[in-house]
Amino acid sequence: MTSSDIAIDIDNVVKRYGAFTALHGVSMQIHANEFFTLLGPSGCGKTTLLRSIAGFEDVNEGAIRLYGNDIAPLPPHKRPINTVFQQYALFPHMTVTENVMFGLRRSGWSRIEAATRADDVLKLVQLSNFADRKPAQLSGGQQQRVALARALAPRPKVLLLDEPLSALDLKLRQAVRVELKQIQRETGIAFIFVTHDQEEALTMSDRIAVMSSGHVQQIGTPREIYETPINRFVADFIGETNLLNVTVQSVSEGTAQVILPSGHPFSCPAATVNSDGTGHLSVRPERIELCPAGGGDLDVKVESQVYLGTDIQLHTRVADGEKMIVRLQNAQSTILPEIDTVVGLKIEAGAARLLAD
Ligand SMILES: Nc1ncnc2c1ncn2[C@@H]1O[C@H](COP(=O)(O)OP(=O)(O)OP(=O)(O)O)[C@@H](O)[C@H]1O
Ligand SMILES: [Mg+2]
């Protein structure tokens, strides 16, 4: 990887609001052509980081570089970076084309150049047939795409998107997700996309940075984040997971020997262990198999079933009271245990991980 492949280099950025620290030394590198997502709960600093990249906030420490150059001296309008906000505020009295042309004209494009470019970007977002409409005559998803076209029009090097889909209903959001990802691929621009929706992050991103309380917890591909989370927070935040309290006997070369609540010894990859030698065994519900009681790694009592269409979720409990969720595919051959019966659980080797708090 050469430095020219890195579009944005965020280097140890600290951002304080008075006595409150919103970003505690955040570092990440976003590659050119990458769909990069910032994922984390409300208040973790996602918008603050985007606003710092865009230049609406000055950082207290650290640097942000665009293709190798520190952008601190550049005011927002001089940065080749554009933002699509959650509230995408189109001008209601202007047509779609006029909305897209407006910013271009203000930054000195001729009428002809701006009109040609507006045609091109409206084609890209598949709105050519709506060019003469006013925003009020468009659906939410179409308005969202006008906002996207407007942001792409000046050919930014980086596009920042702050929860741009949150105003849309689920079906529309799913459709726009696919389009957005396709547009990113076609334009080859680095997208930095903010969401607190883990499904959105997993389906769209090349890489994800998981954040909490102003810290980066983990950066990786969707598969890495889901399958090899580095701590309890990440495992818990991404998808559904079981976190069993276990006693750690030994850890050597990344493999832990632990004792399950059933008393069974169990060997698994260890990501992190608490300093007091305790840890949590993280097991995804779809990586567990049912077997007769006594025949698996631990026995559980079935408490309830939840029908999810494609899957069936079993809520079960270990003898010491801990909950375990098991997901079974809703296939014709799936045999469901009765409520209140005791069954064995086999944890898929390698699919469980020992994690610190
Ligand atoms: N101008 C400000 N003055 C003081 N504190 C602020 C300011 N802006 C943000 N904060 C605080 O900084 C923290 C991070 O805010 P930020 O808006 O970046 O969160 P976020 O991750 O975007 O959350 P959300 O998902 O709710 O949009 C929050 O605790 C917030 O209250
Ligand atoms: Mg925000």
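Good morning. I shall begin at the ligand: an oxygen atom of ligand 1 is placed 2.8 Å from an N or O atom in the side chain of K46. Please keep in mind that the model before us is a predicted one.

Two further distances belong beside that one. For T48, an N or O atom of the side chain is 2.6 Å from an oxygen atom of ligand 1. For G45, the partner is a polar backbone atom, with an oxygen atom of ligand 1 at 3.0 Å. On its own, ligand 1 has 630 Å² of accessible area, and the protein covers 58% of this.

Which elements give two or more residues to the shell around ligand 1? They are strand 2, residues 20-31, and helix 1, residues 46-54. Helix 1 gives the most, namely three residues. In total, 13 residues surround ligand 1, and those that come nearest are S42, G43, K46, T47 and T48.

Let me turn to a single residue, S205. Where is S205 placed? The residue sits in the loop that runs between helix 6, residues 198-204, and strand 9, residues 207-212. Is S205 buried or exposed? The relative accessibility of S205 is 8%, and the cut-off for a buried residue is under 20%; S205 therefore counts as buried.

The side chain of S205 has two polar partners to point out. One is the side chain of T37, joined to that of S205 by a polar contact of 2.6 Å. The other is the backbone oxygen of A201, which lies 2.5 Å from a polar atom of the S205 side chain. If neighbours within four places in sequence are left aside, the residues in contact with S205 are F35, T37, K181 and P222. T37 thus appears both in this list and in the side-chain polar contact.

I close with the chain as a whole. The chain comprises 357 residues, of which 47% count as buried. Its secondary structure consists of eight helices and 20 strands. Along the principal axes, the C-alpha atoms fill a box of roughly 75 × 50 × 35 Å.

How much of the contacts with a separation of 6 or more comes from residues 24 or more positions apart? The share in this chain is 66%.

As for the surface, the chain exposes about 17,100 Å², and carbon and sulfur atoms supply 49% of that area. The chain carries 34 positive and 40 negative charges, and the mean positions of the two sets are 9 Å apart.

Thank you for your attention.

Technical notes
Residues are numbered from 1 along each chain as its sequence is written. Chains are lettered from A and ligands numbered from 1 in the order in which they are written. This is a predicted model: local features need pLDDT of at least 70, side-chain atom pairs count only at pLDDT 80 or more; totals for chains, interfaces and linings use all residues. Side-chain values use heavy atoms; hydrogens and water are left out. Helices (H or I, at least four residues) and strands (E, at least two) are DSSP runs, numbered from the N terminus. Buried means under 20% relative accessible area, exposed over 50%, partly exposed in between (1.4 Å probe, protein chains only). Contact means heavy atoms within 4.5 Å. Accessible areas come from the Shrake-Rupley method with a 1.4 Å probe; for residues, only the protein chains shown count as cover. Lys and Arg count as positive and Asp and Glu as negative; His and the chain ends are not counted. The place of a charge is taken as NZ of Lys, CZ of Arg, CG of Asp or CD of Glu. A residue is near a molecule or strand if one of its heavy atoms lies within 4 Å of it. A polar contact is a pair of N or O atoms within 3.5 Å; within protein, one must be able to donate a hydrogen and the other to accept it, and residues adjacent in sequence count only if both atoms are side-chain atoms.
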